[in-house]
Amino acid sequence: METKIITVDEKNPDLSLLLPAAEALKAGGLVIFPTETVYGIGCDATLAEGAEKVYAAKGRPSDNPLIVHLSDPGDADKVAFVTPLYRRLAKAFMPGPLTVILKKRDAIPRQTTGGLDTVAVRCPSHPVANALLRLSGVPVAAPSANISGRPSATDAATALSEFDGKVDYIIAAGSSSIGLESTIVMPTGDDSLLLLRPGAVTADDLKLVCSEVKISDTVERAPDEGERPVCPGMKYRHYAPSKPFILVSGSPEDRLEYLRKASEEGAVVICYDEQAPEIRADRRIAVGEESDLSEQARRLFSALRLADRYEGDVVYANLPPRDGLGLALRNRMLRAAAHKVIDAGDELLKRQ
Ligand code: TXA
Ligand code: MG
């Protein structure tokens, strides 16, 4: 298959350019498109064969369900049984980086939902994603545009490097402004939510419209062997560089000292801007200031990919804090590191 690339202005997209891609979606094809979180690889969510093609292109296990994207949060009742809590969440956070799990209608085949009787619903705020969804007129199932297990793509060039020849169209429109996938929540009552995957809509944000927000323990814990977590994706290793990846906790001074030594000894270090001067220039990848979690979120996935291309046999990074967007960074980095965390202070003591 020849993959065609359509380049559009991210803020003011020329809709006519998107028409062939919308037609391809309607005809059962695959289209990679930008969203505010990450790029997605989409198909018509109502077609069983669509989901099968996406699983095949990504090399993704077919028990890992896809998120269904809509141009208008009000369209959710075409694919799911909506609830008053969904409507409140939609009013507060959609379009935007929030995905809500609802009971599915028959319009969505089980191939799309990995065999589950629930469906994940999201309305992206990116103008290009929104226009494409409107033009196609179908709900679009779209996982992140990465080969299964790799970091998600946040720009079209990265998606092209993995999907050239495997999809009909790639729509190129700059880099995703958030850089981490959407927050996923599952309603557990009329006024309570279980947070399954942290993202740019934080637990504190959600508490503004819902009295109880419980954070699933799989956000920070590796599922046990054979366990099937509520969010099936959590059981798969994701985002991983192909080198061993280890997170470093401890005081700022200990972390810096440990990372400095590690870079001298041949490790690649994903560091904060203020740490960079201490770390070997040819082995460091700075991702923003320690206090600037949004910038770190935007740059994390490209940093993980870049780490693979650097010389060095192991990759280290700071363990992010739990507050605000930190929890989303922490979740992605823990999974990329297969939950390997060391304490810099302890490690420095051992060396003395
Ligand atoms: O920001 C995003 O959400 C991006 C962009 C493209 O919209 N999409 C994305 O999709 O991250 P994906 O497939 O990479 O991640 C979807 C996650 C998986 O972990 C999956 O297990 C979970 O959502 N999921 C989907 N449907 C579910 C359901 N019915 N119940 C529980 N978890 C579900
Ligand atoms: Mg993904």
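**Close-up 1. Who walls in the largest cavity.** In this predicted model, β14 (268-271), α9 (293-309), β16 (315-318) and α10 (326-336) each put at least two residues into the lining of the largest cavity. The roll call reads I270, C271, Y272, V287, Q296, L300, A317, N318, P320, L329 and M333. Sorted by class, that lining is nine nonpolar and two polar residues, with no charged ones. The space inside comes to about 80 Å³. If you're counting cavities of 30 Å³ or more, the tally is one.

**Close-up 2. The largest pocket and its lining.** Here we've moved to the largest pocket, which holds about 630 Å³ of space. Its lining runs to 45 residues, and R60, N64, P65, I184 and R197 are the ones nearest the centre. Strands β4 (67-69), β7 (118-122), β10 (183-189) and β11 (192-197) each chip in at least two lining residues. The largest share belongs to β7, with four residues. As for chemistry, the pocket lining splits into 22 nonpolar, 14 polar and nine charged residues.

**Close-up 3. Helix α1 crossing helix α5.** The axes of α1 (residues 15-26) and α5 (residues 127-136) come within 8 Å and cross at roughly 55°. That angle falls outside the parallel, antiparallel and perpendicular ranges, so the two helices count as oblique to each other. The crossing of α1 past α5 is right-handed. On the α1 side, the contact uses L15, L18, L19, A21, A22, L25 and K26, while α5 answers with V128, A131, L132, L135 and S136. Together the contact residues make up 10 nonpolar, one polar and one charged.

**Close-up 4. A cis peptide bond at P95.** Most peptide bonds are trans. Zoom in on M94 and P95, though, and you'll find the two joined by a cis peptide bond, with omega at about -5°. P95 sits in the loop between α4 (84-93) and β6 (98-104).

**Close-up 5. A positive phi at A338.** Most residues other than glycine have a negative phi. A338 isn't a glycine, yet its phi is positive, at about 50°. To find A338, look in the loop between α10 and β17 (341-343). Helix α10 may ring a bell from the first view, as one of the elements that supply at least two residues to the lining of the largest cavity.

Key:
Residues are numbered from 1 along each chain as its sequence is written. Chains are lettered from A and ligands numbered from 1 in the order in which they are written. This is a predicted model: local features need pLDDT of at least 70, side-chain atom pairs count only at pLDDT 80 or more; totals for chains, interfaces and linings use all residues. Side-chain values use heavy atoms; hydrogens and water are left out. Axes are lines fitted to C-alpha atoms, for helices over the stretch in contact, and angles run from 0 to 180 degrees between N-to-C directions. Angles under 35 degrees count as roughly parallel, over 145 as roughly antiparallel, 65 to 115 as roughly perpendicular and the rest as oblique. A crossing is left-handed if the near helix is turned anticlockwise from the far one by less than a right angle, and right-handed if clockwise. Contact means heavy atoms within 4.5 Å. Ala, Val, Leu, Ile, Met, Phe, Trp, Tyr, Cys and Pro count as nonpolar, Asp, Glu, Lys and Arg as charged, and the others, Gly among them, as polar. On a 1 Å grid over the protein atoms alone, a cavity is a set of points where a 1.4 Å probe fits but cannot get out, and a pocket is an open set with protein on both sides within 12 Å along at least five of seven lines; lining residues have an atom within 4 Å of a point. Grid points are joined across faces, edges and corners, and a volume is the space filled by probe spheres set on the points.
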